[in-house]
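Student: I would like to go through the strands of this chain and how they pair. Please keep to short answers.

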Amino acid sequence: QVQLVESGGGLVQPGGSLRLSCAVSGTLFSIYVMGWYRQAPGKQRELVADITSGGNTYYADSVKGRFTISRDNAKKIVFLQMNSLKPEDTAVYYCNLGRRDYWGQGTQVTVSS
């Protein structure tokens, strides 16, 4: 059974940082592209960043230069380092396996003073 478990969300002030983690079990990991998505209240879920098995990365324009995605294939974990956070980054963040219908439960990120 495929499981994705996110952690690391929380409340942070504007300009602060958070590091999200997503641990994967029940499947191969290294061969799949891994992605981080987010969904703010009243908005559609959007792709924030993803990373291929070879380490190639993609970032949404809104997070370029502030967020960094990385992966540890041995531990089956994907990370999202978020710096210089803004109130508009507030959302539930989800990780995704292989651009398929495999999602974690989400972790809330709130950026507020």
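Student: How many bridges join β7 to strand β8?
Tutor: The model is predicted, so local features need pLDDT of at least 70 and side-chain atom pairs 80 or more, while totals for chains, interfaces and linings use all residues. Residues are numbered from 1 along each chain as its sequence is written, and side-chain values use heavy atoms, with hydrogens and water left out. Strands are DSSP runs of E of at least two residues, numbered from the N terminus, and two strands pair if DSSP finds at least two bridges between them. β7 and β8 (residues 77–82) run antiparallel, and the bridges joining them number 6.

Student: Which residue in β8 stands opposite I69?
Tutor: β7 and β8 form a hairpin with 4 residues between them, and K76 in the turn has a positive phi of about 60°. The residue in β8 opposite I69 is L80.

Student: Which side chains of β7 point to one face and are buried?
Tutor: Buried means under 20% relative accessible area (1.4 Å probe, protein chains only). Side chains alternate along β7, and T68, S70 and D72 point to the other face and are not buried. Those that are buried are F67, I69 and R71.

Student: What is the strand order in the open sheet of 4 strands?
Tutor: The pairing in this sheet is antiparallel. Its edge strands, β1 (3–7) and β7 (67–72), each pair on one side only. The order is β1-β3-β8-β7.

Student: In β9, which residue is the bridge partner of R38?
Tutor: Strand β4 (residues 34–39) and strand β9 (residues 91–97) run antiparallel, joined by 6 bridges. The partner of R38 in β9 is Y93.

Definitions and conventions. Buried < 20%, exposed > 50% of the residue type's maximum accessible area, 1.4 Å probe, protein only.
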